[in-house]
Amino acid sequence: MSFRRTGAAGGVWHVGALLGLLMTAACAPEEPPPPATPQLRLDPVTFDRLPGWADDRVAEALPALLRSCGRLTGQPDDRPVGPDGVAGTVADWREPCAAAAYPAPDDEAARGYFERWFAPFAVIRTDRDGETAEGLFTGYYEVELDGATAPDEVYDTPLYRRPPDLVTVDLGDFRADWKGETIVGRVVDGRLKPYPDRAAIDNGALVGQQAELLWVADPVDAFFLQIQGSGRVRLEDGRTIRIGFAASNGRPFHGIARDLIERGALSKEDASMQAVRDWLRANPDEAAALMQKNPRYIFFREMDGPDAEADGPIGAQGVPLTPMRSLAVDIAFLPLGAPLWLDTTWPPGSPDAGKPLRRLMIAQDTGGAIKGPVRGDFFWGTGEAALALAGGMKQTGRYFLFLPKSVAERRAASS
């Protein structure tokens, strides 16, 4: 379950090196301590080392890859792909993306395409405590709920668009070493102040700004819509409006499941998304205060054009997500648009719960709780059926990053 709405390669001492170590220890500089913050290391592997590679319906991932390619290849050739250019530059992706446009009639042909143009790398997390290839994989989905374009006795909970006074500041514009860092606030008496938190917004901080987008009946549904970041709102006239992430109030995310666990209302094993939702609905007198312990607030925008009719919501890369083929990752470590081979297990709620879940995914989204080199959020689709799988997903697993062969060759040459 994911409550969302967005390598230090240590060496090995060999016995044969012990004598040289003893002889030079007196004059050798002291080894720096391993980094406290997690780092990413990429270890090259071969496709036959990918567990289950021969069994996946790989061709199903090609439409998602083509969407990502459309975003990547619309940029200048020299633009880095991923943090510090971990996936090379846009120029490295042009030929693989062009080749993906040719139809692959079956999974074997699709496998051949990936083996021709990409090289897989095991993703390793390293930090002061050591290294590991395993991480946490949660799930998310697109919420469906009923709503209205104007408030009434039933639909009295607002969903807000981005307020006009919300200011987002890219700190990299002020100092190079702050690149990638942003803060959100509003200007009060000539000074930038933090934007109101959830409690303040619930208590009327946005009244008068005319920021209401839609209205829904259940504040719990609105809360979970914000956690997931996107949804579909069914109106009484039969229309369905798709809404997506527009902005946040910049406050940190707090998962209220931990509060319910601490107070003994839920066990750690039972704290699924569905269980939290059921508790909030069963305890309306306490629900508002508990939800306000998460100060983060999400603002939405109405999707239009092809984005409104796509199979999934729009992810952080700006392309529609593909159910069971799109993965949210931490873009501090991994590039959006890259293929990833996922090796985890099916979550509770599935007939195959606990069995291997191994498939090709495309990194197309991010999330506020998705942090670290080996961390993913699996997009399951839309509605209650998707919630049944996403809600309880807390699986350990690993993944392998696919890089264009031109990038892999340069990495090999420089190592």
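Here are three short exercises, with worked solutions, on the predicted model shown above.

**Exercise 1. The chain as a whole**

Work out how the radius of gyration of the protein chain relates to that of a compact globule.

*Solution.* Start with the inventory: the protein chain holds 12 helices and 17 strands. Next, take the expectation: for 415 residues, a compact globule would have a radius of gyration near 22 Å. The protein chain has 23 Å, which agrees. To round this off, its C-alpha atoms fill a box of roughly 80 × 60 × 45 Å along the principal axes, and buried residues account for 48% of the 415 residues.

**Exercise 2. One side of a helix**

Find which residues of helix 9 are buried, and what covers them.

*Solution.* First, go through residues 284–291: the buried ones are Ala-287, Leu-290 and Met-291. Then look around the axis: these residues cover an arc of only 90°, so they sit on the same side of helix 9. Finally, turn to the cover, which includes helix 5 (198–202), helix 6 (219–228), helix 7 (257–262) and helix 8 (273–282).

**Exercise 3. A loop residue**

Decide whether Glu-236 is buried or exposed, and place it in the structure.

*Solution.* Begin with the location: Glu-236 lies in the loop linking strand 10 (230–235) and strand 11 (240–248). Now apply the cut-off: exposed means over 50% relative accessible area. Glu-236 has 65%, so this residue is exposed. Last, check its contacts: setting aside neighbours within four places in sequence, Glu-236 touches Gly-147 and Tyr-155.

How values were computed
Residues numbered from 1 in each chain as written. Predicted model: local features only at pLDDT ≥ 70, side-chain atom pairs only at ≥ 80, totals over all residues. Heavy atoms only, no water. Buried < 20%, exposed > 50% of the residue type's maximum accessible area, 1.4 Å probe, protein only. Helix = DSSP H or I, 4+ residues; strand = E, 2+ residues; numbered from the N terminus. Arc of directions from axis to C-beta. Contact = heavy atoms within 4.5 Å. Rg over C-alpha atoms; globule rule 2.2 N^0.38 Å.
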